[in-house]
Amino acid sequence: CIDDWLAAMQSSLSSLRYQKQGHPLTSVRSLTHDGHNSRAYTSGNSHSCCRPSTSRHSVRIAAAKDAPAAPAGLYSNIAQPEPFVVPRPRTGPIIGSDLAVLIKRFKRLQNGSDIRGIALEGIPGEPVTLYPGAAHFIGHAFAKWLAAKTPGQPVRVSVGRDPRLSGQLVESAFVSGLVSGGADVEVFGLATTPCMFYSILAEGYSGAVMITASHMPWNANGLKFFTAAGGLDKPDIADILQRAAQAASEAGVMVGEAGSEAGAVLKATLHVDPSRIKQVDFRPSYAAFLRNLIIKGVGSKDAPLFPLLGFKIAVDAGNGAGGFFATEVLAPLGADIAGSQFLDPDGSFPNHIPNPEHPSAMAAGAAAVKAVGADLGIVFDTDVDRSAIVDRTGREINSNKFIALMAAITLRDYPGTTIVTDSVTSNGLADFIASLGGKHLRYKRGYKNVIGQGMALNKQGVDAQLMMETSGHGALKENHFLDDGAYLAVKVVIEAARRRATGG
């Protein structure tokens, strides 16, 4: 009752006294305004009893050992907060041991020839590493890197992204960095990796960037970089990350430290000159390019502008960026795409992993073909730099089988050419390529290694038209050595349409 509580408090107050230096306190009791309490044991000096507690309206009291406890209540089990260090705002450049931490946070984002990290919280054990501040300074660094490659020339960059949940946040931070680094930027919104490279060929951009983490889970994101020479290599990415760390250091911004980076990124974004950024709907131009490839490749005499009339094709885009291939490339040419599925972009990837190397993706694509009796099935990964095929019986054609299919198509157009693959391809594939009169060169794993070796052979005078890895990454010399899932799909569609027209 309240009388007991008041008596307890009176007893405690009567024992309250100043103590000499070093005299221990037996306990410290916090009495709050609503009569509840908590206890912490300590030893202190004559002023320990006068320290304010962290509870609002509370009083610290030095209590005797036999002082009766106040009634237990809602707050009786709340412990005193642990001591903590209040972060101080950073001033001046980041140097010394802090600089080492900053550099490490940028370096860990390198994933071979691109950048990749965790952009959203949500999966236990996977803390965020691709912070908005990191994206901002990487954008700044890429603009400076491009300017150094083309001194005296204006820097224009196109930027696209896949449908990942973090895409717009990373895009905004990255674009503000590009502008702060001196670039003019054209933002495409939802796009594909091959589309971004094509934009350089079509519009003459200094560089292009695709914001994607390929087939990785929804919480990841990353960046792929291109110039007219193709995708950047490992040394280029390392250089850009060093420049990004330097820019962040000079700005006094520790990426990953909310109090440091949030204000800096927001300030930079607010100070962006709007005239330096344009929103561009570029995908229709890219879709038209792909349609024209099919029209010319099929060469239909009966319906030259609609070479896919009566052809049933089921596309599984895995809720990535590839849905447009069905609706904007195949359907306008007359194809029946009614069996296509998961065309709507959804960065949570609710149906299956958007990865043509994964059994769940291929099984889904095969099921779609069988469900509608399609003539052909196409399975894309998230950013459409990879694809796989399903034939009319539902047979899955990926890995070695897809390389064999592309080798047959390529060797018909380029007899005797060399096919470069990764080292884990089968002996059966080697025999198949040889039977068609082709040459097979196995090279070390990694699609950049495979494509790079093909480019090196061509420079040496050895004709190598196809470079393809079992993961589904494939590049053709005729397509600027770009690993391009949409282009490979176009080649297969052309072949299938030709065979269908001739009864093959």
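Biologist: Which phi does Gly252 take just after H6?
Modeller: In this predicted model, Gly252 takes a positive phi of about 70°, just after H6.

Biologist: And H6 itself, how many residues does helix H6 have, and what does it reach from its first C-alpha to its last?
Modeller: Helix H6 runs over residues 234-251, so to speak 18 residues, and reaches 26 Å from its first C-alpha to its last. That is close to the 26 Å expected at 1.5 Å a residue.

Biologist: Nice. Which residues of H6 are buried?
Modeller: The buried ones are Ile237, Ile240, Leu241, Ala244, Ala245, Ala247, Ala248 and Ser249.

Biologist: What do those buried residues pack against?
Modeller: Three strands and two helices, by name: helix H2 (96-107), strand S4 (110-111), strand S5 (114-118), helix H3 (132-149) and strand S9 (220-227).

Biologist: Switching topic: which residues touch the most other members in the largest nonpolar core?
Modeller: That core has 59 residues, and the ones touching the most other members are Ile294, Leu308, Ile313, Phe325, Leu330, Ile378 and Met406. Helix H14 (residues 485-501) gives the most to this core, with 10 residues. Apart from it lies another core, of 47 residues, with Leu109, Leu130, Ala247 and Met254 among them.

Biologist: Tell me about Ile378, what does it touch?
Modeller: Leaving out residues up to four places away in sequence, Ile378 touches Ile313, Ala314, Val315, Asp316, Phe325, Ala388, Ile389, Ala489 and Val493.

Biologist: Back to phi angles. Which phi does Asn319 have?
Modeller: Asn319 has a positive phi of about 65°, although it is not a glycine. Most residues other than glycine have a negative phi.

Biologist: Where is Asn319 found, and is Asn319 buried or exposed?
Modeller: Asn319 is in the loop between strand S12 (313-316) and helix H9 (324-330). Asn319 counts as buried because its relative accessibility is 5%.

Biologist: What about Val384, which phi does it have?
Modeller: Val384 also isn't a glycine, and its phi is positive, about 65°. Val384 is found in the loop between strand S13 (376-380) and strand S14 (387-390). With 1% relative accessibility, Val384 counts as buried.

Biologist: Last one: where does Ser199 lie, and why does it count as buried?
Modeller: Ser199 lies in helix H5 (residues 193-203), and it counts as buried because its relative accessibility is 0%.

Biologist: Which backbone oxygen lies 2.5 Å from a polar atom of the Ser199 side chain?
Modeller: The backbone oxygen of Met196. Beyond residues up to four places away in sequence, Ser199 touches Ser158, Phe188, Gly204, Tyr205, Ala208 and Phe282.

How values were computed. Residues numbered from 1 in each chain as written. Predicted model: local features only at pLDDT ≥ 70, side-chain atom pairs only at ≥ 80, totals over all residues. Heavy atoms only, no water. Core = buried A, V, L, I, M, F, W, Y, C linked by side-chain atoms within 4.5 Å. Buried < 20%, exposed > 50% of the residue type's maximum accessible area, 1.4 Å probe, protein only. Helix = DSSP H or I, 4+ residues; strand = E, 2+ residues; numbered from the N terminus. Contact = heavy atoms within 4.5 Å. Expected span 1.5 Å × (residues − 1). Polar contact = N/O pair within 3.5 Å; in protein donor to acceptor, adjacent residues only side chain to side chain.
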